[in-house]
Amino acid sequence: MSPAARNIALAIAILALATSAFFLQRSQVYLLSLCCVYVMATMGLNLTMGYAGQMSLGQAAFFGIGAYIDAILTTKLGVSFWVVIPIAAVACFFVGLALGFPALRVQHHYLAFATLGFNVLVYLVMRNEEALTGGTFGISNVPRPYLFTWSLDSERAYFWFTLAALVIVAILMRLLLRSPWGRAFAALRDNPIRAESLGINITAYTLLAFAIGAAYGGVGGVFYAGLVQYVEPSTFYFTTSLMMLLAVILGGSGRFFGPVIGTVIVILLPEVLRSSSSPALQFMQKWYLVAFGVALVVLMVWLPGGLLSIGDRRARKAAA
Amino acid sequence: MIARAGELLHVDALHKSYGAIRAVDGVSFRVGAGEIVGVIGPNGSGKTTLFNCILGQIGPTSGRVTLAGDDITSMSPLELARRGVGRTFQTLQVFGQLSVRDNLIVAAQEFESTLPRRLFARPDAGLTARADEMIERFRLKPVAQLHAGRLSYGQQKLIDIAMAFMPRPRLVLLDEPCAGVNPSLVETLRELLAELNRVQGGSFVVIEHNMDFIMRLCPHVICMVEGKVLAEGPPQAVQSNRAVLEAYLGN
């Protein structure tokens, strides 16, 4: 498919998705919005991990920081949602830099555990700093924003809003990956020693990839808080980071649409299995998590490069 | 120190010891601007360690390296790259998941403008023309769009070497460019290196075991044995040196 044809197909798919909100139940629209906010975060994780090769188990911490910034600023200080988005993005960018500066001296599973430690730390701050975060009770009644005078309070309006925001951040990510920076990220992932001998500043680029990935997590968190209208610490525990990591790997790490496919599966598959009304799938209501786990194992054994590597696999088989 | 006219690299009494083992034992030599210098010697004679010391991959125990009069001893590979020192490695080092053209562009893009500006620069950083020129020269045109990791060893070797020349470096250190390469490609590589030296200028230091290649490419040859420079001079003189013959053939 030519790039133009692919863009048109993509635009049609997005419009179809937006239109589907007219035909779905409220709870289903909510799930679609949930997918959109998580995709923002996993897209950032994919930059850090898939493109720049830095393992992270702390993406939920940035997601949580974004969500709490929104909840605190909008409920306690009455700051507009529109102002909160750049604040959260910049704040997470700098927290990412501050974490990356010491943590990126180590690689792979050591880096994974360093970021996991950070995630637990952020969780503890959210749980214990009651004056600011509301402790285990969290913060409720987080407002949804207005677009000019149009309230985005309804489930459908908020979904369209989130979808549009996702499209914008996805386009920005695409531009970043196509810029010389994106090429430098891929080079240092493929071969850091050679990259350095070609003048690529590994420290600067890994930090930037990590911080931009964190900023994506933060923006996702802001939209999450607006969607759920309630934040509490356990959502942002490291198990959520694991779920995000799973989404990236399942879809195809280092592939643009990998985190999209992966996140949709990780969020929707359990729900589909659980709520299936077909009699043949009735037993799933009790067994859906088991079925989900089995499906993941099978997928990872069959396609270790993620679902989007299926094309490569076919090409290899055809060549063999 | 004042640089000798036309002198680019000066390695002065370089030592690298690992405990009692002297991998590089007081090596001194000079490379003139635009000169091609060959480094030969049996396996384990310290050639690659010498390269790694010059290139900041490992710190020398003692000694000095200067580039056009500036002290570059123990400078990081990044800083050396910025000063126009390029290199290739003994083993293939290409970016397997980037296309051939992107491999060449990424090899030179960091020398264009500044880091923040590159974010907003054209996606190819204005380097497509230069990359395509190099692709043409290295006969990689049919595979320019393919991922480098999927190509044959010989093609990847060509990309590997072409990358080192993309930033138009002042000095390139090539570590066994002919290793694992078939005889006809060896001849191609020799022609390419001679051509690049003519067209781009720049000085080359080449480690190689292929004597024919070295003798025909390099007007000046250094022979290392057990970490020391055993002989130095025009290739024929070094080749017929009695000590060199003994070191290679044993006695």
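This is a short tour of a predicted model, going from chain A to the place where chains A and B meet and then on to chain B.

**Stop 1: chain A on its own**

Start by selecting chain A and showing it as a cartoon. You should be able to pick out 14 helices and 4 strands. Its radius of gyration is 20 Å, close to the 20 Å that the globule rule gives for 320 residues, so chain A is as compact as a globular protein of that length. Turn it around: along the principal axes, the C-alpha atoms fill a box of roughly 55 × 50 × 40 Å.

Now colour by burial, if your viewer lets you. Of the 320 residues in chain A, 47% are buried. Contacts are worth a look too. Among those in chain A with a separation of 6 or more, 76% join residues that sit 24 or more positions apart.

**Stop 2: where A touches B**

Bring chain B back into view. Here 19 residues of chain A are in contact with 25 residues of chain B. Select residues 180–190 and 192–197 of chain A: these are α8 and α9, and each supplies at least two residues of the side that touches chain B. Which helix gives the largest share of that side? The answer is α8(A), with 7 residues. Colour the chain A side by residue class and you get 9 nonpolar, 5 polar and 5 charged.

**Stop 3: a helix crossing**

Keep α8(A) selected and add residues 100–109 of chain B, which form helix α3. The two axes come within 10 Å and cross at roughly 105°. That makes α8(A) roughly perpendicular to α3(B).

Switch on side chains here. From α8(A), look for A:P180, A:R183, A:A184 and A:A187; they meet B:D102, B:I105, B:V106 and B:Q109 of α3(B). Sorted by class, the residues of this contact are 5 nonpolar, 1 polar and 2 charged.

**Stop 4: the two domains of chain B**

Hide chain A and colour chain B by domain. Domain 1 takes in 1–84 + 170–251, while domain 2 covers 96–168. Their centres, taken over C-alpha atoms, are 26 Å apart. Where the domains touch, the contact takes 9 residues from domain 1 and 9 residues from domain 2.

For a last selection, try residues 183–200 of chain B. This is helix α7, and its 4 residues are the largest share of the domain 1 side that touches domain 2. By class, that side of domain 1 has 6 nonpolar, 3 polar and no charged residues.

How values were computed: Residues are numbered from 1 along each chain as its sequence is written. Chains are lettered from A and ligands numbered from 1 in the order in which they are written. This is a predicted model: local features need pLDDT of at least 70, side-chain atom pairs count only at pLDDT 80 or more; totals for chains, interfaces and linings use all residues. Two residues are in contact if their C-beta atoms, placed from the backbone, lie within 7 Å. Ala, Val, Leu, Ile, Met, Phe, Trp, Tyr, Cys and Pro count as nonpolar, Asp, Glu, Lys and Arg as charged, and the others, Gly among them, as polar. Axes are lines fitted to C-alpha atoms, for helices over the stretch in contact, and angles run from 0 to 180 degrees between N-to-C directions. Angles under 35 degrees count as roughly parallel, over 145 as roughly antiparallel, 65 to 115 as roughly perpendicular and the rest as oblique. The radius of gyration is taken over C-alpha atoms; the globule rule is 2.2 Å times the number of residues to the power 0.38. A residue is buried if 20 or more other C-beta atoms lie within 10 Å of its own, exposed if 12 or fewer, and partly exposed in between; C-beta atoms are placed from the backbone. Domain bounds come from an automatic or database domain assignment.
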